Amino acid sequence: MFERFTKAARAVVKGAVEHAERAGAAVVTEEHLLLALLDREDTRAADALRALCPPDRRPSLLAALAEARRRAGLSRADTEALADLGIDVGAVVARVEEAHGAGALAGDRKDAGWWSGRRSFSREAKAVLEKSLRVALARKDREIGDEHLLLALTATGGVVAEALADHGVTYTAVEDAVSSPAV
């Protein structure tokens, strides 16, 4: 599949690995893919992200991702479903952090050991990569570009898609942005 990736898409994947390494994360996640997309300039995805979520709104997007990470990666839908069962996720997070320190549920353990020199991808990140292929095929594109990765991030659901949607970056908005001649 990677042979179909454009230079820009390969740079995003490489950038995601670098973000994971800097964070000391055990695996590359879909959040790392988004962070790598946000680093890009002069690509279709970068132009779409700049139009839909201008740089002045990015701190809010990053804060939303950090807050979700603090909740152990639970989306609002997950949190609401647990609340319907009588479980207050905020109270659980507070108690865990009280006992184990801030960010204890974030999963950002820097002590993970490595058997090889390569970071593996989380199940969700792999789903994004696979979805990018399906998006490219559905659009009848011959290559997988960084815009396909962004479209896949918005389409796979979960915390990253939720944070993007909250900031105006939805599948339809991205599709319109990358399809317009100005981008």
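How are H7 and H8 oriented to each other? In this predicted model, helix H7 (residues 123-138) and H8 pack with their axes 8 Å apart and an angle of about 115 degrees between them. That makes the two helices roughly perpendicular to each other, because angles of 65 to 115 degrees fall in that class. The crossing of H7 past H8 is right-handed. On the H7 side, the contact is made by Val-128, Leu-129, Lys-131, Ser-132, Val-135 and Ala-136. H8 brings His-148, Leu-149, Leu-151, Ala-152, Leu-153 and Ala-155 to the contact.

It helps to step back to the whole chain for a moment. The protein chain holds ten helices and two strands, and read from the N terminus the order of elements is α-β-α-α-α-α-α-β-α-α-α-α. Of its 183 residues, 39% count as buried. If one takes the contacts between residues at least 6 apart in sequence, 65% of them join residues at least 24 apart.

Back at H8, His-148 deserves a closer look. This histidine sits in helix H8, which spans residues 146-155, and with a relative accessibility of 1% His-148 counts as buried. What does the side chain of His-148 make a polar contact with? The partner is the side chain of Asp-141, at 2.6 Å. A polar atom of the His-148 side chain also lies 2.7 Å from the backbone nitrogen of Gly-145. Leaving out neighbours within four places in sequence, the residues in contact with His-148 are Ser-132, Val-135, Ala-136, Arg-139, Asp-141 and Glu-143. Ser-132, Val-135 and Ala-136 turn up again among the H7 residues that make the contact with H8.

The loop between H7 and H8 has a backbone quirk of its own. Lys-140 is found in this loop, and its phi is near 60 degrees, a positive value in a residue other than glycine. Most residues other than glycine have a negative phi. Lys-140 counts as exposed, at 72% relative accessibility. A matching case comes from Asp-42, in the loop between H2 and H3. Phi of Asp-42 is near 60 degrees too, again a positive value in a residue that is not glycine. Asp-42 is likewise exposed, with a relative accessible area of 70%.

The N-terminal end of the chain reaches the stretch around the start of H8 as well. Thr-6 is found in the segment before helix H1 (7-23). At 18% relative accessibility, Thr-6 counts as buried, since the cut-off is under 20%. Not counting residues up to four places away in sequence, Thr-6 touches Glu-143, Ile-144, Gly-145 and Asp-146. Of these, Glu-143 is also in contact with His-148, and Gly-145 is the residue whose backbone nitrogen lies 2.7 Å from a polar atom of the His-148 side chain.

Now for helix H3 (residues 44-52), where Ala-45, Ala-46, Ala-48, Leu-49 and Leu-52 are buried. These residues lie on the same side of H3, because they cover an arc of only 165 degrees around the axis. Which helices do the buried residues of H3 pack against? They pack against helix H2 (30-39), helix H4 (58-70), H8, helix H9 (159-166) and helix H10 (171-179).

H10 shows a similar layout. Its buried residues include Ala-173, Val-174, Ala-177 and Val-178. Seen down the axis of H10, the buried residues fall within an arc of 120 degrees, so they line one face of the helix. That set packs against H3 and H8.

One of the strands also supplies a buried residue. Val-28 lies in strand S1 (residues 27-28), and Val-28 is buried, with a relative accessible area of 0%. What does Val-28 touch, not counting residues up to four places away in sequence? Its contacts are Ala-16, Val-17, Ala-20, Arg-119, Ser-120, Phe-121, Ser-122 and Ala-125. The C-alpha atoms of Val-28 and Arg-123 are separated by 9.4 Å, although the two residues are 95 apart along the chain.

Notes. Residues numbered from 1 in each chain as written. Predicted model: local features only at pLDDT ≥ 70, side-chain atom pairs only at ≥ 80, totals over all residues. Heavy atoms only, no water. Helix = DSSP H or I, 4+ residues; strand = E, 2+ residues; numbered from the N terminus. Buried < 20%, exposed > 50% of the residue type's maximum accessible area, 1.4 Å probe, protein only. Polar contact = N/O pair within 3.5 Å; in protein donor to acceptor, adjacent residues only side chain to side chain. Contact = heavy atoms within 4.5 Å. Arc of directions from axis to C-beta. Axes fitted to C-alpha atoms, helices over the stretch in contact; angles between N-to-C directions. Parallel < 35°, antiparallel > 145°, perpendicular 65-115°, else oblique. Left-handed = near helix turned anticlockwise from the far one by under 90°.
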